[in-house]
Amino acid sequence: MTRPVALAVGGTISALVAGKAILDRPSRPYNPESVATEYDAWTEDGILEYYWGEHIHLGYYNDAEMEAGYKKKNFIQAKYDFIDEMMSFGSIPSEQVGGLSVLDVGCGVGGTSRYIARAIGKDSKVTGITLSPNQVKRAQELAVEQETPNAHFQVMDALKMDFPDNSFDVVWACESGEHMPDKEKYISEMMRVLKPGGKFVMATWCQRDDRQVPFSKKDDKDLKFLYEEWTHPYFISIEKYAELIEGTGKMENVGTADWVRETIASWRHSIWVGVYDPRGFIFKPRQYLKCVRDGYCLERMHRAFDRGLMQYGMFHATKKLE
């Protein structure tokens, strides 16, 4: 190898090592304002909506789709399929019913809220709450555009909701628990506002239960990155969430599942849609580094779920009759 070539190779390797070191240093640790701030920014720059559509949650892939190759499935359709499967898992009505009241806790830009609102009919009402004013503004705009007047949105903290006890027939929470700094309060508030006989269904990222096999140093390091790159305070296990739900003393027929197999393709699929269509960020060069960081975190998320460090927790329960 000639000296110029050796220098070029060495420089490239050094740049890659330095780049990885930068990406391995988490950039968005949690603080009391960080969730609202980050989601305001994501909503304003439009990149998530460009690639993920109206739904900032993972998609659902059945066995046949995985065998055929997840990249053959429409990325946005996978998210609608997830909602349908979550509704079925939680025994949530998917047909028009009169007078049903639904709460969507952590609604994002309201894609799921509007989807459910159209499914259950205009005589019912869906209320979405989020910490992000920009998400509420965008959710309301889309509700008007899509002629979905029974979907309503407001800025509200899920840990101290303004709703009276026993307000909703259904409480729905999809990928909001990750951001909650007090998981017990999060669960107790949702159980509080649910009517007796009402249905609760939740999807959230979980870390495996370490009470039997403690986390290794690598596990702790990887979890710290996942917490601090996407502004999460901490995760808990499926088992711990189930204990919190049971511990309220208000719920019965509590069921859980781990949907890693059904959702894991979403992480890499999220990267590939950006590779196939770079227009979402190529005209916004200031967002390029953020997209690179997010792509790197998506891959690290995939690996954490793939090796069992992370789990995709699904939960359903019914509130006891008084």
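Which residue forms a salt bridge with Arg 211, the closest N and O atoms being 2.8 Å apart? The partner is Asp 209, and we will come back to this pair after a look at the whole chain. Please keep in mind that this is a predicted model, in which local features need pLDDT of at least 70 and side-chain atom pairs count only at pLDDT 80 or more, while totals for chains, interfaces and linings use all residues. Residues are numbered from 1 along each chain as its sequence is written, and side-chain values use heavy atoms, with hydrogens and water left out.

Let us start with the overall fold. The protein chain comes to 14 helices and seven strands, where helices (H or I, at least four residues) and strands (E, at least two) are DSSP runs numbered from the N terminus. Its radius of gyration is 21 Å, which agrees with the value near 20 Å for a compact globule of 322 residues; the radius is taken over C-alpha atoms, and the globule rule is 2.2 Å times the number of residues to the power 0.38. Along the principal axes, the C-alpha atoms fill a box of roughly 80 × 50 × 40 Å. Of the contacts with a separation of 6 or more, 82% come from residues 24 or more positions apart, a contact being heavy atoms within 4.5 Å.

Now for the inside and the outside. Buried residues make up 52% of the 322; buried means under 20% relative accessible area, exposed over 50%, and partly exposed in between (1.4 Å probe, protein chains only). The chain exposes about 15200 Å², with carbon and sulfur atoms supplying 55% of it; these areas come from the Shrake-Rupley method with a 1.4 Å probe, and for residues only the protein chains shown count as cover.

Helix α6 (residues 111–120) is a good place to see burial, as seven of its 10 residues are buried. Among them are Arg 114, Ile 116 and Ile 120. Their cover includes the helices α5 (75–89) and α7 (133–145), along with the strands β1 (101–105), β2 (125–130), β3 (151–155) and β4 (168–174). Just after α6, Gly 121 takes a positive phi of about 95°.

Next come the charges. Side chains of opposite charge can pair when their charged atoms come close. Here a salt bridge is a side-chain nitrogen of Lys or Arg within 4 Å of a carboxyl oxygen of Asp or Glu, and the count comes to 27.

Back to Arg 211, which is partly exposed at 47% relative accessible area. Asp 209, its partner at 2.8 Å, counts as buried at 19%. Arg 211 also forms a salt bridge with Glu 243, with the closest N and O atoms 3.1 Å apart. This second pair links distant parts of the chain, since Arg 211 sits in the loop between β5 (194–207) and α9 (217–229) and Glu 243 in helix α10 (residues 238–247), 32 residues apart. Glu 243 is partly exposed, at 37%.

Elsewhere, Glu 145 pairs with Arg 138 in a salt bridge whose closest N and O atoms are 3.9 Å apart. Glu 145 is exposed at 56%, whereas Arg 138 is partly exposed at 21%. Finally, a network of salt bridges links Asp 24, Arg 208, Lys 218, Asp 219, Asp 222, Arg 300 and Arg 307.
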